[in-house]
Amino acid sequence: MPSGDRHARDLIWGQSSDAHRGYNRRRVLRAIMVSPATQVRLARFTKLSQATVSGIVQDLQREGLVVVDGTDSERGKKVSLTSVRGVAIGVEVSYDSIFVAARRVDSPRVEADSSSRGAEHGSQAWIRECVQLIKEVVRRTGLGESDIVSIGLGIPAAVEPRTGTISQVAWALDWERGMDPGARLQEHFPSVPVIMDNEANFAAYGEYLYGGGRDAETVLFVKSSTSVSAGLVISGLIYRGRHGLASEIGHLVMDPQGVVCQCGNRGCLETVVGGARLVEQVRRAYVGYRVDLPTSLANVVERAKSGDLLCRRVLQDAGRGIGMALARTCNLLNPEKVFIGGELGRAADLLIEPATEMMRQHALGGMFNYVEPMTVEASELGLQAGAQGALAFALNVDRTPN
C-alpha cells in the first residue's frame, strides 16, 4: 500500500482563501476518512447538499486525492482516499480494561490491542498503558507516531460538552470534577488533538457508524461491564444533555430501599446488574460447594456460555433487570435500535430474550407492535465499539486554526 503523498493533517486542518468552501471541503474529506462512501451517503453524513458534495469530490479527483469506484451511477459509486498519509486513533478506558484501535485514513483495516490495566489502576498506570498500546497499533499500520491525525478518548465518566472536562465521576477513580484526563494523554502526543467523551457515547457512535446501527435514525447502546452506562445517537449526533449526563441508565433507581450505589443513591440499576454485583451473586451461591470461584464478570460470562446453570441464571436475571430499565428509557426516547454491549454483550444470547420480555410487558406496546418495530440486538462491534467510535468521532472534529 503506498505511503501517501499528502498528509491528512494538512488537508483537514489547513486554512483556505475561501473560508466557506474550505470548511465544506474539510467536512467531506473527514467524512471519507471516517468511512469511504457514496456521494449520497457523504451528503447525508456531512449535512451538505448532494450538489455541493459532488462538486467537492470532482475537485478532489482532479487533485488526485480520491478515487471513485463502482459500476452504478456516479452518485452510487464509493469515494475513497488515495495518496493521503495519516492514522486515526480511538481509545476506550473502562474501569478494568483499555481498548485501542488504529486505522489508516486510506484503509478500512483496523488494528486493535487491549490491556487489563484500566482506570481503577490509577491515572499513571492507564496513561502509560495507553501510550504503549497506541505506539504498538500505529506501528502495525506501517506508519509512525508523526502520522497520527487525531486521538479519541472514551472514559468512564460524564464529560461536560462545552468544556471537554469531567462533570461527574465515580468516587472510586482518582479523578475530580473539572479534570481533563485527555490533556494528560496529549502530553505524550503534543501535536495531536485528543477529543474526550464518555465511553458509552463513543460506543453508541461506533455502533451507529460501523456496526448494526448503520442508517438507523436513533441508536441506544447499553454498555454493561463493571459499571452500566448508555449512549444515545440521534440522526448521527451524540446526545449528551446539558452537562453530559444524558443516558445514564445505570443510575435509574430500580429499588429506592436497595443497595447504596457509588453515586450516593440507593437501588440504582448498577447495583443490580453491575459486574461486581453479578460476580458476588455467583460467589455467594457457590461458597462451600466450589473452590474455583469466579473473580470477574468475564469469568461468569465464560462459565455461563460453557453451560454453568447458576451463571446462566444470574445473567438471565440481569437481562430482566436491564429490560425493566430499558422499558422506562424507551418510553421516553422510543429508539429505533437498542444494542447490548460491554462484557455482558458477550452473553447477549442469554440476556436479550429476558430483557425483551420485560420490555414487552412494561414499555408502550406500539414500540414492538407497530410497523418496523424497535429491535434489541447484541452489539456487532462487541468490545471494540467504544474505541472505534472514539476513532471516528475525533477524526471528524474540525480543527481549523483560528
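Me: How many cavities of 30 Å³ or more does the count come to in this predicted model?
Reply: A cavity is a set of grid points where a 1.4 Å probe fits but cannot get out. The structure examined here is a predicted model, and when this rule is applied to it, the number of cavities of 30 Å³ or more comes to one.

Me: Which residues line the largest cavity, and how much space lies in it?
Reply: Helix H7 (199-210) and strand E14 (228-234) each supply at least two residues of the lining of the largest cavity. Sorted by character, the lining residues divide into three nonpolar, five polar and one charged. By name, the lining consists of Asn198, Ala200, Asn201, Ser229, Ala230, Gly244, Ala246, Ser247 and Glu248, and the space in the largest cavity is about 40 Å³.

Me: What is the phi of Ser247, and where is this residue found?
Reply: Ser247 is among the residues that line the largest cavity, and its phi is positive although Ser247 is not a glycine. Ser247 is found in the loop between E15 and helix H8 (269-273), and its phi is about 65°.

Me: Where is the place of Asn334, and what is its phi?
Reply: Asn334 has its place in the loop between H11 and strand E16 (337-341). Asn334 is not a glycine, yet it has a positive phi, with a value of about 50°.

Me: How much space lies in the largest pocket, and which residues are the closest to its centre?
Reply: The space that lies in the largest pocket is about 780 Å³. Two or more residues of its lining come from each of the elements H2, H3, H7 and strand E15 (237-238), and the lining as a whole divides into 15 nonpolar, five polar and 10 charged residues. Of the 30 residues that line this pocket, the closest to its centre are Phe45, Thr46, Tyr205, Gly236 and Asn396.

Me: Why is H2 described as roughly perpendicular to H3?
Reply: The axes of helix H2 (residues 19-34) and helix H3 (residues 39-46) come within 10 Å of each other. Angles from 65 to 115 degrees count as roughly perpendicular. The two axes cross at roughly 110°, which means that H2 is roughly perpendicular to H3.

Me: Which residues of H2 and H3 make the contact, and how do they divide by character?
Reply: H2 passes H3 in a right-handed crossing. From H2 the contact draws on Arg27, Val28, Ala31, Ile32 and Val34, and from H3 on Leu42, Phe45 and Thr46. Taken together, the residues of this contact divide into six nonpolar, one polar and one charged.

Me: At what angle do helix H9 and helix H11 pack, and which residues meet there?
Reply: Helix H9 (residues 275-286) and helix H11 (residues 309-333) have axes 10 Å apart and pack at an angle of about 145°, in a crossing that is right-handed. The residues of the contact divide into nine nonpolar, one polar and no charged. On the side of H9 they are Leu278, Gln281, Val282, Ala285 and Tyr286, and these meet Leu310, Cys311, Val314, Leu315 and Ala318 in H11.

Terms used: Residues are numbered from 1 along each chain as its sequence is written. This is a predicted model: local features need pLDDT of at least 70, side-chain atom pairs count only at pLDDT 80 or more; totals for chains, interfaces and linings use all residues. Side-chain values use heavy atoms; hydrogens and water are left out. Axes are lines fitted to C-alpha atoms, for helices over the stretch in contact, and angles run from 0 to 180 degrees between N-to-C directions. Helices (H or I, at least four residues) and strands (E, at least two) are DSSP runs, numbered from the N terminus. Angles under 35 degrees count as roughly parallel, over 145 as roughly antiparallel, 65 to 115 as roughly perpendicular and the rest as oblique. A crossing is left-handed if the near helix is turned anticlockwise from the far one by less than a right angle, and right-handed if clockwise. Contact means heavy atoms within 4.5 Å. Ala, Val, Leu, Ile, Met, Phe, Trp, Tyr, Cys and Pro count as nonpolar, Asp, Glu, Lys and Arg as charged, and the others, Gly among them, as polar. On a 1 Å grid over the protein atoms alone, a cavity is a set of points where a 1.4 Å probe fits but cannot get out, and a pocket is an open set with protein on both sides within 12 Å along at least five of seven lines; lining residues have an atom within 4 Å of a point. Grid points are joined across faces, edges and corners, and a volume is the space filled by probe spheres set on the points.
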